[in-house]
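Biologist: I am new to this structure and would be grateful for a close look at a single part of it. Could you choose one sheet, and explain how its strands are arranged and what packs against it?

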Amino acid sequence: MKNILFASSECVPFIKTGGLADVVGSLPKYFDKKKYDVRVVLPKYCCMNQKWKDRLEYVNHFYMNIAGQDQYVGILQYVQDKITFYFIDNEYYFSGFAPYDGDQKWNIEKFAFFSKAVLSILPVIGFRPDLIHCHDWQTGLIPVYLDNFRYLGEYYRGIKTIMTIHNLKFQGVWDTRTVRHITGLPEYYFAPDKLEAYKDANLLKGGIVYADKVTTVSQTYAEEIKTPFFGEGLDGLMSARSNDLCGIVNGLDYSEYCPFKDTRIAKRFTVDTFRKNKVSNKVSLQEELGLEKDSKVMMIGIVSRLTDQKGFDLIDCVMDELCQDAVQIVVLGTGDVKYENMFRHFAWKYSGKVSANIFYSEELSHKIYASSDAFLMPSLFEPCGLSQLMSLRYGTLPIVRETGGLKDTVEPYNEFEKTGTGFSFKNYNAHEMLNTIRYAERIYYDKKRDWNKIVERAMEKDFSWKSSAKQYDELYKSLIGK
């Protein structure tokens, strides 16, 4: 049996700010328990829900030097779904109101502490991983510290590492002198071929340089990040590591997103019953949100962080035109104030037609996936994206821009060959997006049988974690054998 340790700054059900938490919470469950003992380590945040904090068992504690001071490292654990979760406790670092603070220097110090602690607890918990799977810049120092620790003794030699990039935009960058002081790493590591990038220290870069393999969350994104537009300043490094770089699309937890078992929606449905039952969800949602009640109108859903990355400037550009069409638009999410206010404005201007829900609710998100006919996702870039997978699962056809994981998971409808699971457009252009939405409207209203066939194909697609876990299994085997 091989030991695998996932290291991450967040993980469902304990703490979540984005898709990273879903990945780390779901993926370990899908590995063969006879082949792998997969465990997860994450910080014990004070902002975690009290019900989880009450269930943690104390394991041990010790002190460790970081930023020139000895800091307490508490170890707690909890077992769920036969997976052991370790929590690293230190109230000095983890007592904030959210996992990440506005202060980047503090985030760097906090996750430098976490990265060093992850390696330091291993002899204490008696679990020596064959491989440590690191996620995003917050764990970027683990492969670097591991290289450093190898000089300290036999224990750390031979441990392999994988660095998974969920979003290359976030890298953990601060000035070199400060990061040297915080980490206590020798000057040797702060060279341009290691941690240093454009005169600053870059934690994600360190992880990419020192990890044995680098993965990202879709095949297309793995190619895109080798180019200057998507590479966020690291395109040269990504090209240099291209032999060790691969893209594996994230999966979806099909027990959590399941239209025929979902208790949050008005009427459950399957691929055989959606024609009759899906519409009940729409009418129920129209009632709940104060939209005009019309079972036949095409409803377009948007569930997202409201940021530039997600393509909302395109929507802003053509929203007035779109609202002349026979559509309803339901939005759920929070983010940049300009986009929050934009959707509030359109909801006021087109009341009964546009619903802006500027908050986040897991329950309402499920209702939107189940009720909408189409799901709009015009991202500027999208490493993987989970929303389009959720909408496919619920027979809500994605309208996406062909980038990253959206290109890999949504097959554009071809009316001549009768193939496809959604609609897509190529260029980052508002009217190209609008034309694609209007093409989808035309199919929805004029070719209902064709539309329903696309829904069938969408619902029959399998984007569960099974196939992703199989690809990770192959990758693990290439590093640590069977």
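Modeller: The answer below takes the strands of one sheet in turn and then moves to the helices beside them.

This is a predicted model, in which local features need pLDDT of at least 70, side-chain atom pairs count only at pLDDT 80 or more, and totals for chains, interfaces and linings use all residues. Residues are numbered from 1 along each chain as its sequence is written, and side-chain values use heavy atoms, with hydrogens and water left out.

The sheet is open and consists of six strands (a strand being a DSSP run of E of at least two residues, numbered from the N terminus). Read across, the order is β15-β14-β13-β16-β17-β18, with parallel pairing (two strands pair if DSSP finds at least two bridges between them). At the edges stand β15 (354-357) and β18 (423-425), each of which pairs on one side only. From one strand to the next, the twist averages 15°.

Beginning at the β15 edge, four bridges join β15 to strand β14 (residues 327-332) in the parallel sense. Within this pair, I329 stands opposite V354 of β15. Helix α13 (residues 312-322) lies across β13 (298-303), β14, β15, β16 (374-377) and β18 (contact requires heavy atoms within 4.5 Å; a helix is a DSSP run of H or I of at least four residues). The direction of α13 is at about 150° to β14 (angles run from 0 to 180 degrees between N-to-C directions, and axes are lines fitted to C-alpha atoms, for helices over the stretch in contact). Helix α19 (residues 448-460) also packs on the sheet, where β13, β16, β17 (397-401) and β18 are the strands touched. The direction of α19 makes about 85° with that of β17.

Helix α19 has a helical partner as well. Its axis and that of helix α18 (residues 430-446) come within 5 Å and cross at roughly 110°. The two helices are therefore roughly perpendicular to each other (the term covers 65 to 115 degrees). On the α18 side, the residues that meet α19 are A440, I443, Y444 and D446; on the α19 side, they are K448, D450, W451 and I454. By class, the residues of this contact comprise five nonpolar, no polar and three charged (Ala, Val, Leu, Ile, Met, Phe, Trp, Tyr, Cys and Pro count as nonpolar, Asp, Glu, Lys and Arg as charged, and the others, Gly among them, as polar).

In summary, α19 touches strands of the sheet and also meets α18.

Methods. Angles under 35 degrees count as roughly parallel, over 145 as roughly antiparallel, 65 to 115 as roughly perpendicular and the rest as oblique.
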